[in-house]
Amino acid sequence: MGDSMIDVRDDLARRGEALIELRRDLHRHPELGFAEHRTAALVADRLHRAGLEVTTGIAGTGVVGVLRGDRPGRTIAWRADMDALPLREAVDTPFRSTIPEAMHACGHDGHTAIAVVLAEALAARRGELPGSAVFVFQPAEEVLGGARPMLEARVLETHGVEEIYGLHLTSRTPVGKVEARPGVRMASADFLEIEVTGRGGHGAYPHLSVDPIAIAAQILIGLQQLVVSAVPAQRSAVLTIGQFTAGTAANIIPERAVMRGSLRALSPRDRSELLERLGAYVQAMATAQRAHAAVRTRGAGCPPLVNHERQTELVCGCVRDELAPDGLFPGEPVLGSDDMALFLEQRPGCYFRVGAAPVGRTPPPHHSPDFEIHEGGLAIGARVAARVLLHALQA
């Protein structure tokens, strides 16, 4: 691919320290989904000062900034997520979270910082910019709750968005590498609650009760076999229980036990099959032991994330131009989920992963208390994002 009509690499390099400073500020002040009030206000203020048309309060705390170039071109959206996770940070850094039970353990602080600085850099060259860049700052990605209400608010239709792009920093890929590939890249996700209701009683007389903890434990063990029996080995799905709550005292058999978890699949067909079989299995196990069970989904979840062919080719070309051919590799689909999938159902686009693995330690998993990124990935993400946006605007 040839060079874009605007070269903002030097400008982004000059903003490199500001990019890191912004990311660290956001990291110090994490906010959970739909409570990103400080983050949204900071984003809106920076976009206002850069001269963008800013709308706030979308889906509660969402922000949209529109940068209209002075030259004719297309309308392309860039999406960034803003929310943090309910975790106590274990990494001791000068910019560690100041909120005891919240931290940016997935890189969203970096995503937001990249998008803000990118908007500022492009706004400084508005006279040369073709078309309009629409920056979508989404709340509540971690609970898969923010994309849907933003789409219901018609953020794409209102601004005439033709395509949409975004990136995700990853602690599992080295700095200097970018993963991009068409097709299914991330799994669907459904948050589940399984409630088992039995009959409470004295711990000394279990035969007079129906123990929901024991029944729920048997259901939990069988869930893994359910996935194995429903999904062929060459395809992937995972069911994880992250919460199991029951009881008030050691000598009381409670009346109910509740498990909460997530179901993920790379195929819509497997997603539907598993949800159907899960309900039947749980009810059958409970009925066989004189209990009652119910499976409920929390929220609407999201489908698998699918990158579009032509838009992914554009991203791959931009990565090769910016980082050299060995900076790009396809990577494998992951069982993590992201409600960027809903945006990509509505418009063609590409969601790619940017390496930010810390050096000198085993790469930490996302959503862990010791999550950390190498900040060198921020500048690379910003450079690739700028090239992608500029080429898409004038394509």
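This report covers the sheets, helices, cores, cysteines and two unusual backbone angles of the structure above. The model is predicted.

**The eight-stranded sheet**

One open sheet holds 8 strands. Their order is β1-β2-β4-β3-β5-β16-β6-β15, and the pairing is mixed. β1 (53–58) and β15 (328–329) stand at the edges. Each has a single partner strand, so one side of each is left without a neighbour in the sheet.

Within this sheet, β2 (residues 62–68) pairs with β4 (residues 130–138). The two are antiparallel and share 6 bridges. L67 has A133 of β4 as its bridge partner.

Helix α11 (residues 376–394) lies across four strands: β3 (71–81), β4, β5 (163–170) and β16 (349–355). The helix runs at about 145 degrees to β3. α11 has 19 residues and reaches 28 Å from its first C-alpha to its last. That is close to the 27 Å expected at 1.5 Å a residue. Of the 19 residues, 15 are buried, so α11 is largely enclosed by the rest of the structure.

**The four-stranded sheet**

A further open sheet is made of 4 strands in the order β10-β12-β8-β13. Here the pairing is antiparallel. β10 (237–246) and β13 are the edge strands, and each pairs on one side only. Neighbouring strands are turned by 20 degrees against each other on average, direction ignored.

How much of β8 is covered? Strand β8 (residues 189–197) has 8 of its 9 residues buried. β8 is joined to β13 (residues 292–302) by 8 antiparallel bridges. The strand also pairs with β12 (residues 256–265), again antiparallel and over 8 bridges. The table gives three residues with their partners in these strands.

| Residue | Opposite residue | Partner strand |
|---|---|---|
| L192 | T297 | β13 |
| E193 | R260 | β12 |
| I194 | M259 | β12 |

Two helices lie across strands of this sheet. Helix α7 (residues 212–230) lies across β8, β10 and β12, at about 170 degrees to β10. Helix α8 (residues 268–288) lies across β8, β10, β12 and β13, at about 160 degrees to β13.

**Nonpolar cores**

In soluble globular proteins, nonpolar side chains tend to be buried together. The largest nonpolar core in this model has 66 residues. Which residues have the most contacts inside it? They are W78, F135, F137, Y165 and F352. Helix α11 supplies the largest share of this core, with 11 residues. A second, separate core has 25 residues, including V155, F191, L344 and Y351.

Y165 gives a local view of the packing. Leaving aside residues up to four places away in sequence, Y165 touches I76, A77, W78, R79, Q311, L314, V315, M340, G349, C350, V388 and A392.

**Cysteines**

A disulfide is a covalent bond between the sulfur atoms of two cysteines. How many does the whole structure contain? The search finds 0. C316 and C350 show why: the sulfur of C316 has its closest cysteine sulfur in C350, 6.7 Å away, too far for a bond. The cut-off for a disulfide is 2.5 Å between the sulfur atoms. From the other side, C316 likewise holds the closest cysteine sulfur to that of C350, at 6.7 Å.

Are these two cysteines buried or exposed? C316 counts as buried at 10% relative accessibility. C350 is buried too, with a relative accessible area of 0%.

**Positive phi angles**

Most residues other than glycine have a negative phi. F34 has a positive value, near 65 degrees. F34 is found in the loop between α2 (16–28) and α3 (37–49). Its relative accessible area is 38%, which makes F34 partly exposed.

R154 also has a positive phi, near 65 degrees. Where does R154 sit? R154 is in the loop between α5 (147–152) and α6 (155–158). At 48% relative accessibility, R154 counts as partly exposed.

Technical notes:
Residues numbered from 1 in each chain as written. Predicted model: local features only at pLDDT ≥ 70, side-chain atom pairs only at ≥ 80, totals over all residues. Heavy atoms only, no water. Buried < 20%, exposed > 50% of the residue type's maximum accessible area, 1.4 Å probe, protein only. Pairing = 2+ DSSP bridges. Contact = heavy atoms within 4.5 Å. Axes fitted to C-alpha atoms, helices over the stretch in contact; angles between N-to-C directions. Core = buried A, V, L, I, M, F, W, Y, C linked by side-chain atoms within 4.5 Å. Expected span 1.5 Å × (residues − 1).
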